[in-house]
Amino acid sequence: MLYELLYNVPPLYHLNSRVWEAHHENIRQHLQVWAPFHQKAVQRPMTDFAVLTADRLVQKAAYGDDLQVVVNFSEHDFHYENKLVKAKSALILDGSARCIRWDASASRRK
C-alpha cells in the first residue's frame with residue numbers, strides 16, 4: 001500500500017474470499033486515502049523523486065508544484081521538514097495547508 005502511494009499506481013489485489021474477509025476493512029481504509037491522492041497526482045507530472053535515508057527506506061515523490069508523499073518503509077520514525085513520518089507510514093503534503101498521514105501498520109488514516 002505504501003508503494004501505491006509513493007509511485008501513484010493503482011492497487012491490484014488478487015484475493016480469495018477468505019483473504020478478502022480478513023483484510024477488506026484495511027483495503028477500504030487505504031482506498032479512502034489513495035483515491036483522493038491519485039485524483040490529484042494523476043493529473044500532474046512527477047516532478048521529483050528522492051531517497052531520503054542512506055538505507056533507502058525513506059523516499060519522497062512530488063507531483064506538480066504542491067503535492068508530495070513521503071513514505072517510510074523502515075521500523076523507525078523519521079522527521080521530514082519538521083513533520084513526523086512514523087515507521088511503516090506515509091505522509092501526504094497537499095499544498096501548504098493539508099497534511100494526511102497513512103499508517104500502514106495500523107491501517108488507518110490519521
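Modeller: Let me start with a rule for rings: those of Phe, Tyr and Trp, taking the six-membered ring of Trp, pair if their centres lie within 6.5 Å. Please also keep in mind that this is a predicted model.

Biologist: Thanks! By this rule, what does the count of aromatic pairs come to?

Modeller: One pair is formed by Tyr3 and Tyr7, whose ring centres are 6.1 Å apart, within the 6.5 Å limit. With that rule applied, the number of aromatic pairs is four.

Biologist: How are the planes of Tyr3 and Tyr7 arranged in their aromatic pair?

Modeller: Tyr3 and Tyr7 both sit in helix 1, four residues apart, about one turn of the helix. There are 5° between their planes. Planes under 30 degrees apart have a name of their own, so this pair counts as stacked.

Biologist: Which residue of strand 1 forms an aromatic pair with Tyr7?

Modeller: Tyr7 is partly exposed, at 38% relative accessible area. A second stacked pair includes Tyr7, with 6.0 Å from centre to centre and 15° between the planes. This pair links distant parts of the chain, 42 residues apart, from helix 1 to strand 1. The partner in strand 1 is Phe49.

Biologist: Which residues do ring pairs link into a cluster?

Modeller: Tyr7 pairs with Phe49, and Tyr7 also pairs with Tyr3. Ring pairs bring in one further residue, and the cluster is made of Tyr3, Tyr7, Phe49 and Phe73.

Biologist: Which element gives the largest share of the nonpolar patch?

Modeller: The patch on the surface is formed by Tyr3, Tyr7, Val9, Met46, Phe49 and Val51, with about 520 Å² of accessible area together. Two elements give two or more residues to this patch, helix 1 (2–7) and strand 1. The largest share is three residues, and it comes from strand 1.

Biologist: Is Val51 buried, partly exposed or exposed?

Modeller: Val51 lies in strand 1. Its relative accessibility is 31%. Buried means under 20% and exposed means over 50%, so Val51 is partly exposed.

Biologist: How many bridges pair strand 2 with strand 3?

Modeller: Strand 2 (residues 58–63) runs antiparallel to strand 1 (residues 46–51), with five bridges joining the two. Strand 2 also pairs in the antiparallel sense with strand 3 (residues 67–72). One of the partnerships there is Ala61 with Val69. For strand 2 and strand 3, the number of bridges is six.

Biologist: How many residues of strand 2 are buried?

Modeller: In a regular strand the side chains alternate between the two faces of the sheet. Here, Val58, Lys60 and Ala62 point one way, whereas Gln59, Ala61 and Tyr63 point the other way, and all are buried. Of the six residues in strand 2, the number buried is six.

Biologist: Which residue in the turn between strand 2 and strand 3 has a positive phi?

Modeller: Strand 2 and strand 3 form a hairpin with three residues between them. The turn has a residue with a positive phi of about 65°, and that residue is Gly64.

Biologist: Which residue meets Arg44 in a salt bridge?

Modeller: Side chains of opposite charge can pair when their charged atoms come close. Arg44 is in the loop between helix 2 and strand 1, and its salt bridge has an N to O distance of 2.9 Å. The partner is in the loop between strand 2 and strand 3, 22 residues apart from Arg44, and is named Asp66.

Notes
Residues are numbered from 1 along each chain as its sequence is written. This is a predicted model: local features need pLDDT of at least 70, side-chain atom pairs count only at pLDDT 80 or more; totals for chains, interfaces and linings use all residues. Side-chain values use heavy atoms; hydrogens and water are left out. Buried means under 20% relative accessible area, exposed over 50%, partly exposed in between (1.4 Å probe, protein chains only). Two strands pair if DSSP finds at least two bridges between them. Patches are made of residues with over 30% relative accessible area and no salt bridge: like charges are joined within 9 Å, nonpolar side chains (Val, Leu, Ile, Met, Phe, Trp, Tyr) within 5 Å. Accessible areas come from the Shrake-Rupley method with a 1.4 Å probe; for residues, only the protein chains shown count as cover. A salt bridge is a side-chain nitrogen of Lys or Arg within 4 Å of a carboxyl oxygen of Asp or Glu. Rings of Phe, Tyr and Trp (its six-membered ring) pair if their centres lie within 6.5 Å; planes under 30 degrees apart count as stacked, over 60 as edge-to-face and the rest as tilted.
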